[in-house]
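Me: I would like to go through how the labels given to this model are justified, setting each value against its definition.

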Amino acid sequence: MKIVVAVKQVAALDDDFEIRADGLDVDEDFLMYDLNEWDDYSLEEAMKIKEAAAEGAVEVIAVSVGPERVDESLRKCLAKGADRAIRVWDDAMEGSDAVTIGRILAGVVKKEAPAMVFAGVQSSDQANAATGMAIAASLDWPHAAVVAELDYQPGAATARIKRELEGGMLQAVEIDCPAVLTLQLGINKPRYASLRGIKQAAAKPIEHWSLGDLGLDATQVGTTAALSRVRRMEIPVKGRAQMIEGTIAEQAAKLIEIIKEYKGEAA
Amino acid sequence: MSDTTLVTRILFQDFSSWSITLFYLLGYTAIGIFAHGVYTQVRKYRRGRPLDIGAWRQRAVTMVQDMLTHRTLVRRDRKAGRAHALIFFGFALLFIGTATITLEYDILQPLFGWRFWHSEFYLWFSLVLDIAGAGLIAGVLYMMYRRQWLKLPKLDYARPDRSPQDPDYDRSAYRREDWAFLWALILIGITGFVLEATRLVWLSGQPTVWDLRFWSPVGAVMAHAMQWFGLSPEGAGLFRSGLWWFHGLLALTFIALIPYSKIKHIVTAPTSLMLRDPLAGRRLPKVPEEQASAGYQYITDFKWKELLHLDACTKCGRCHEACPANAVGAPLSPRDVILSLREFANQSLNAVTLPEKAELDVHGKAPGQVFMETLWSCRTCLACVEICPVAVEHVPIIVQMRRKLVEDGNMEPLLEKTLQTIHKTGNSFGESKRKRAAWTKELPFTIKDARKEAVDMLWFVGDYASFDPRNQKVTRAFARLMHQAGVDFGLLFEGEMNAGNDVRRVGEEGLYEYLATANITSIRDCEFKSVVTTDPHSYNTIRNEYPDFGGEFEIQHYTTVVRELLLQGRLRLSKTLGYRVTFHDPCHLGRYNKGFDAPRDILQMLGCELVEMGRNRDNSFCCGAGGGRIWIPDAPGTEKPSQNRMHEAGAIEGLQVFVVSCPKDLTMFEDALKTSGYEGKFVVRELIELIEECVEYDESPALSVEV
Ligand code: SF4
Ligand code: SF4
């Protein structure tokens with residue numbers, strides 16, 4: 001039985017950073033990459049299921065879409081105990097959005113035919129919170145988002161989960177398997193990947209898959225297929241608060257003036 | 001008295017042949033039991049990991065010196081050390097004496113007919129052994145007095161790492177053993193003398209015995225006393241044979257029990273001293289490339305030498321007393337870690353076959369296992385290793401066990417976060433690499449980039465000195481000193497990473513390897529004569545541990561550099577201070593690397609009046625930051641080692657400045673000054689700040705180091 005864990009290598013910003021010359025992203029020089037925080041939890045959840053089952057009964061596969069640097073994050077997954085790691089990349093995939101990434105990952109899921117697919121609720125850099133659900137949509141599988149508790153026996157036909165709702169509510173759900181779940185922070189305590197572990201995981205192979213392996217073609221991925229495209233990235237000019245002084249009437253008049261100015265009406 | 005060979009002691013005089021045979025039978029039995037014990041113990045040690053020792057001759061010489069001078073035993077407990085010397089030399093002489101008799105009676109005489117144990121030799125022999133016996137008894141008496149009446153905290157076996165409900169809390173068996181040991185020794189000694197005296201009374205009619213009685217002065221005096229009480233020669237003869245058996249059996253039992261009891265230390269302690277690693281704790285062991293798991297999980301992961309160290313501990317409590325963790329009530333005593341592991345090893349490794357793997361696991365809550373909290377309480381200050389009279393090396397063992405905890409992620413979440421941060425950013429502050437040298441921006445001059453041009457001195461700044469705002473002021477002050485002295489120096493800028501000293505002591509060996517190799521590569525690429533640092537932690541690892549990773553660099557702590565600059569007149573003082581100060585030896589400069597004198601010399605040059613705290617130099621009391629503890633919050637409501645230290649300093653009449661020479665110390669003690677209520681009474685200063693106050697600057701006057 002397999003569990004596929006979709007992971008992402010996210011970027012964190014340096015204190016002072018610059019936007020790339022084309023204005024579409026932050027200059028790579030100012031980025032530090034690491035495994036998405038949510039993915040630590042979803043991988044841990046898969047590992048817990050694996051470790052509770054008989055030896056060899058559950059195979060945990062970490063999958064990610066991205067260029068070569070992503071191997072480093074996959075190695076961390078291997079160090080934490082994933083059995084296999086797959087990195088999918090093709091230059092044509094550049095510019096993919098959450099929906100196309102979901103399509104690519106769904107391609108891997110179809111090939112591997114796992115009993116469960118886990119993803120993080122969202123990524124800390126893009127925060128779309130969409131990729132996991134996009135996988136489910138591509139597969140047309142049952143899905144549940146923002147899972148805070150999971151009760152699942154390997155091979156069972158259903159899983160019991162609790163979803164986190166607004167206002168601290170939990171919603172108990174029973175879901176048919178195989179399913180796609182996006183897991184919330186705090187669902188478990190992720191283990192520490194010691195540096196030696198990461199180094200030793202370097203000996204484990206990372207499988208590199210490309211478009212052809214997934215039965216997709218270039219038109220289904222990347223910028224061309226993406227439903228959204230980045231047009232520009234900017235650092236918002238920080239506005240300054242201003243105290244409006246005077247009597248109540250004066251303050252009101254000033255306020256009206258400002259509103260009109262924003263709406264572009266003549267004062 | 002023409003035949004001087006008659007001047008001797010006739011062995012087994014008037015014994016029937018069956019009783020001699022019986023005695024020999026008992027003797028061989030005792031030796032058999034002893035040999036079996038030795039065999040089991042050696043088998044136990046051999047179940048540890050192999051280790052190449054080497055340099056046996058030099059080791060043996062040092063060990064013999066240690067034993068003859070008793071130098072490790074008199075430290076911080078002169079009286080106990082001297083009493084031990086009496087017992088040791090008394091016992092050794094008596095042992096040699098008995099061996100000499102055996103040599104003649106059982107070997108040389110039956111085989112070759114040689115005899116030498118008579119005449120003058122015999123008389124001197126008697127005298128020496130009498131003195132030895134008296135010394136032995138005197139020594140044991142003092143030890144008994146010490147145990148019974150001095151109530152020394154270090155001899156209290158109460159365990160900080162267990163609560164009274166725990167099955168292995170009770171250490172009364174040790175106490176009984178201690179007393180049994182002392183009583184056995186003193187009884188053997190006393191009965192020996194009584195035997196000697198009764199023999200004299202018994203044979204008082206024989207001039208070869210009686211006329212020479214004062215060659216055994218103690219025995220002779222006792223013999224006179226016995227006669228005065230009316231003991232007849234016949235009565236003495238009768239009494240003697242009974243006592244003889246008692247003495248003999250006691251001695252044989254003693255021999256038989258050596259490998260099974262505390263007596264064992266007469267063998268394990270010298271061996272342990274011989275196995276001493278002078279760099280223990282200063283240079284932690286590398287993990288062999290091919291070894292799958294980093295640290296110690298099973299008792300069989302220990303090196304044989306370490307298993308032997310466990311058996312050398314005599315529970316003297318010196319480490320227990322010196323340990324800062326124990327002093328503030330943390331669940332750690334280095335003594336108890338050693339004793340727990342020893343009990344564990346004896347439980348699991350003494351059997352003919354090794355038990356299941358699971359039963360060899362030294363981590364956990366069962367009897368003999370070491371608690372995680374215990375291991376994490378250690379500040380790797382090395383106070384224990386440094387004072388142990390029998391060369392037990394606690395810190396490498398503790399760190400090896402922590403390596404296992406780290407591998408399993410059994411650590412404080414905050415520590416885990418810090419380790420991840422260090423991996424990601426190369427520093428424990430989580431600052432971007434680019435910012436490492438941001439502190440230089442406020443200087444009126446630029447500092448060379450050692451990666452781009454050759455320098456005389458490469459300054460390895462370290463994390464705290466680079467990023468901590470309070471320490472940055474000191475760091476800039478040191479830069480101004482170097483600049484003023486015209487030292488040609490440079491930095492690695494963002495090429496520098498956390499040196500790894502504390503990461504290694506936490507037990508994150510993989511991260512340490514990563515940091516060390518990265519730094520070594522950066523340093524190697526520069527052209528320089530020597531390295532300097534203000535950070536004792538970086539100093540230690542670069543000096544002692546980088547060589548294991550191919551980084552052999554000459555490195556100095558700033559205190560030696562500045563002392564040199566002052567002596568050469570390259571730094572001139574425009575005034576002296578006259579403060580009443582005390583100096584806190586940082587563990588990594590003092591105890592770790594014996595840098596005791598340079599800071600004191602500088603304080604003297606600055607005209608400060610140095611008043612030492614009780615715990616100074618090699619007995620300095622850790623600030624509590626070592627071993628990664630700076631990244632682990634102390635339990636609320638407990639005293640911190642740094643506060644404990646502040647109280648010690650606070651007791652000094654009229655103290656003005658508490659001087660430190662380590663960035664972490666500055667942080668720890670400035671905090672402790674406030675929390676322990678000494679704010680306004682005295683201040684904490686880095687030595688550099690005092691130097692800066694006095695140095696004469698040519699150009700831009702020193703930017704004031706307000707604090
Ligand atoms: S190194 Fe220091 S803190 Fe650790 S056990 Fe030894 S004395 Fe205690
Ligand atoms: S380990 Fe050393 S210092 Fe500590 S109690 Fe044992 S013999 Fe004494």
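**Labels and their criteria**

Reply: One pairing to begin with is that of E164(A), whose bridge partner in β9(A) is L170(A). This is a predicted model, in which local features need pLDDT of at least 70 and side-chain atom pairs count only at pLDDT 80 or more, while totals for chains, interfaces and linings use all residues. Residues are numbered from 1 along each chain as its sequence is written, chains are lettered from A and ligands numbered from 1 in the order in which they are written, and side-chain values use heavy atoms, with hydrogens and water left out.

Me: What makes β8 and β9 of chain A a pair of strands?

Reply: Two strands (DSSP runs of E, at least two residues) pair if DSSP finds at least two bridges between them. Strand β8 (residues 158–164) of chain A is joined to β9(A) by seven bridges, and the two run antiparallel, so the criterion of at least two bridges is met.

Me: Why are β9 and β11 of chain A said to stand at the edges?

Reply: The open sheet has the order β9-β8-β7-β10-β6-β1-β4-β5-β11 (chain A), with mixed pairing. Because β9 (170–176) and β11 (207–209) of chain A each have a single partner strand, one side of each is left without a neighbour in the sheet.

Me: Why is C622(B) not bonded to C587(B)?

Reply: A disulfide is a pair of cysteine sulfur atoms within 2.5 Å, and the sulfur of C622(B) is 3.9 Å from that of C587(B), its closest cysteine sulfur, so the distance is too far for a bond.

Me: Why is C622(B) called buried?

Reply: Buried means under 20% relative accessible area (1.4 Å probe, protein chains only), with exposed over 50% and partly exposed in between; C622(B) has 2% and therefore counts as buried.

How values were computed: Helix = DSSP H or I, 4+ residues; strand = E, 2+ residues; numbered from the N terminus.
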